[in-house]
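Let's take a walk through a protein model, one stop at a time. Have the structure open and turn it as you read.

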Amino acid sequence: MLEENDMDIFEILGVPELLCCLAEEAAELSQAALKLRRVLDPEKKNPTPKTLNECCRNMHEEIADCELILELLGFRDAECITIQKEIKKKKYERWKNRLADIVTKEK
């Protein structure tokens with residue numbers, strides 16, 4: 001996805017500043033997820049004027065922002081994606097097992 005001239009951003013900002021940008025965008029993604037949770041709350045304890053569509057669009061924007069910076073930092077190449085898939089697979093199984101244990105204990 002990145003073109004040769006896109007590396008200018010990397011060269012201008014450098015790793016430390018891009019990591020700072022990533023942290024900022026990750027925080028914005030966190031806020032977008034919390035806002036979406038408020039929209040989806042069936043009890044509407046803390047309603048928001050944002051619509052479901054607006055919240056979903058905001059999630060997509062913040063995910064794209066994070067992915068762009070991750071690409072610039074070199075964390076989205078084929079090797080990294082393979083490593084990340086393996087980590088996700090292990091974490092998914094561990095999470096699924098934890099939930100299964102909870103459900104079993106509740107019965």
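Start at Gly74, which sits just after α2 and takes a positive phi of about 90°. Keep in mind as you look around that this is a predicted model.

From Gly74, step back into α2 itself. This helix has 22 residues, and from its first C-alpha to its last it reaches 32 Å. That is close to the 32 Å expected at 1.5 Å a residue. Which residues of α2 are buried? They are Cys55, Met59, Glu62, Cys66, Ile69, Leu72 and Leu73. Now try looking down the axis of α2: the buried residues fall within an arc of 165°, so they line one face of the helix. A bit of background helps with this picture. An α-helix has 3.6 residues a turn, so residues three or four places apart point the same way. Swing around to the other side of α2 and you'll meet Asn53 and His60, which are exposed.

What does that buried face of α2 take part in? Look for the largest nonpolar core, which has 6 residues: Leu18, Leu22, Cys66, Ile69, Leu72 and Leu73. Both α1 (7-40) and α2 (52-73) supply at least two residues each to this core, and the largest share, 4 residues, comes from α2. In soluble globular proteins, nonpolar side chains tend to be buried together. Zoom in on Leu22 for a closer look. Leaving aside residues up to four places away in sequence, Leu22 touches Cys66, Ile69, Leu70 and Leu73. There is also a second, separate core of 5 residues, and Leu36, Val39, Cys55 and Met59 are among them.

Next, find the loop between α1 and α2, where Thr48 is located. Is Thr48 buried or exposed? Its relative accessibility is 14%, so Thr48 counts as buried. What does Thr48 touch, if you skip residues up to four places away in sequence? Its contacts are Lys35, Arg38 and Val39. You have already met Val39, as one of the residues in the second core.

Time to hunt for charged pairs. Side chains of opposite charge can pair when their charged atoms come close. How many salt bridges does a search of the whole structure find? The count is 3. In one of them, the side chains of Asp41 and Arg37 meet at 3.9 Å, N to O. The two partners sit in unlike surroundings: Asp41 counts as buried because its relative accessibility is 10%, while Arg37, at 48%, counts as partly exposed.

Another salt bridge joins the side chains of Glu43 and Lys45, at 3.3 Å from N to O. Here Glu43 counts as exposed, with 56% relative accessibility, and Lys45 counts as exposed too, at 67%.

The remaining pair is Lys96 and Glu93, whose side chains meet at 3.6 Å, N to O. Why do these two line up along the chain? Lys96 and Glu93 are 3 residues apart in helix α3, so about one helical turn separates them. Lys96 counts as partly exposed at 40% relative accessibility, and Glu93 is partly exposed as well, with a relative accessible area of 33%.

While you are in helix α3 (residues 78-106), look for Asn97, which has its place there. Asn97 is partly exposed, with a relative accessible area of 42%. Now compare its position with that of Arg38, one of the residues that Thr48 touches. Asn97 and Arg38 are 59 residues apart along the chain, and their C-alpha atoms are separated by 28 Å.

Last stop: the cysteines. A disulfide is a covalent bond between the sulfur atoms of two cysteines. How many disulfides does a search of the whole structure find? The search finds 0. Take Cys20 as an example: the closest cysteine sulfur is in Cys21, and at 6.0 Å it is too far for a bond. To count, the two sulfur atoms would have to be within 2.5 Å. Looking from the other end, Cys21 has its closest cysteine sulfur in Cys20, again 6.0 Å away. As for their surroundings, Cys20 is partly exposed, with a relative accessible area of 44%, and Cys21 also counts as partly exposed, at 23% relative accessibility.

Methods
Residues numbered from 1 in each chain as written. Predicted model: local features only at pLDDT ≥ 70, side-chain atom pairs only at ≥ 80, totals over all residues. Heavy atoms only, no water. Buried < 20%, exposed > 50% of the residue type's maximum accessible area, 1.4 Å probe, protein only. Core = buried A, V, L, I, M, F, W, Y, C linked by side-chain atoms within 4.5 Å. Contact = heavy atoms within 4.5 Å. Salt bridge = Lys/Arg side-chain N within 4 Å of Asp/Glu carboxyl O. Expected span 1.5 Å × (residues − 1). Arc of directions from axis to C-beta.
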